[in-house]
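Please look at the sequence and the 3D structure shown here before reading on. The report then turns to a ligand and to two loop residues.

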Amino acid sequence: MAIAHAERHRRPTTADPVALKLLVAGGFGAGKTTLVGAVSEIKPLRTEEALTEAGRPVDDLTGVESKRTTTVAMDFGRITLREDLVLYLFGTPGQDRFWFLWDELATGALGAVVLADTRRLQDCFAAVDYFERRNIPFMVAVNCFEGSRVHTPKAVTDALDLDPGVPVVLCDARDRESVKRVLIALVEHAAALAPARRGSHAAH
Ligand SMILES: Nc1nc2c(ncn2[C@@H]2O[C@H](COP(=O)(O)OP(=O)(O)OP(=O)(O)O)[C@@H](O)[C@H]2O)c(=O)[nH]1
Ligand SMILES: [Mg+2]
């Protein structure tokens, strides 16, 4: 009773927009920084460092040969979906050596987009695994690079062995409207899962 009362009083008014935190994850070079930049209404904060000759053995550039920089901490952007709904986007670094930052970035996140490049689908396994283990709602957005074979969402679901409830959509990380559709799908997916997640937390 007391909790329900407190919940009711915490509910924001219409003058007080709801702010949601979303993560944009995925393998190295899948287009995470591009996605955050395409949709953010503020100049996105980036933490790019130049890719160097020394990193060549570990930084696989197949398919993104023109890539010159990589994210070393995070990307940050903001988009107002509706006047009462603001999304804060946190793009994760793609390379394995920055994994230690993920737990910090994931705290308080409503859900995550795992961006996948079908030419290197295996690169997003680790991100899928990360969100599955922590029971964080996520979806997969396939970034359709030119020259990559177009895969159906079903084929991606099978290849990544996803739970049938995990949404898979095709997108273009450079296109604002396309990215917006992805973010709306994620918010809806997380909202649909919220009652079940609350129930499972209560049970523990
Ligand atoms: N053709 C094409 N190129 C893209 C697309 N998305 C990203 N790129 C390019 O692919 C490269 C990688 O994009 P980033 O946005 O830096 O990828 P990232 O996932 O942030 O990379 P890390 O932070 O290093 O893991 C860049 O050179 C982009 O210009 C796309 O949809 N189509
Ligand atoms: Mg990046």
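Which residues are the closest to ligand 1, and how many surround it? Ligand 1 is surrounded by 20 residues, and the closest are Gly 31, Thr 33, Thr 70, Thr 71 and Gly 94, where a residue is near a molecule if its C-beta atom, placed from the backbone, lies within 6 Å of it. Two or more residues of this shell are given by each of helix H2 (32-39) and strand E3 (69-71), and H2 supplies the largest share, three residues. Helices (H or I, at least four residues) and strands (E, at least two) are DSSP runs, numbered from the N terminus.

By character, the shell around ligand 1 holds six nonpolar, nine polar and five charged residues; here Ala, Val, Leu, Ile, Met, Phe, Trp, Tyr, Cys and Pro count as nonpolar, Asp, Glu, Lys and Arg as charged, and the others, Gly among them, as polar.

This is a predicted model, in which local features need pLDDT of at least 70, side-chain atom pairs count only at pLDDT 80 or more, and totals for chains, interfaces and linings use all residues. Residues are numbered from 1 along each chain as its sequence is written, while chains are lettered from A and ligands numbered from 1 in the order in which they are written.

Two loop residues that are not glycines have a positive phi.

| Residue | Phi | Loop between |
|---|---|---|
| Asn 135 | about 60 degrees | helix H4 (125-133) and strand E7 (138-143) |
| Asp 161 | about 55 degrees | helix H5 (153-159) and strand E8 (168-171) |

Asn 135 counts as exposed because it has 12 C-beta neighbours inside 10 Å, and Asp 161 is exposed, with 9 other C-beta atoms within 10 Å. A residue is exposed if 12 or fewer other C-beta atoms lie within 10 Å of its own, buried if 20 or more do, and partly exposed in between, with C-beta atoms placed from the backbone.
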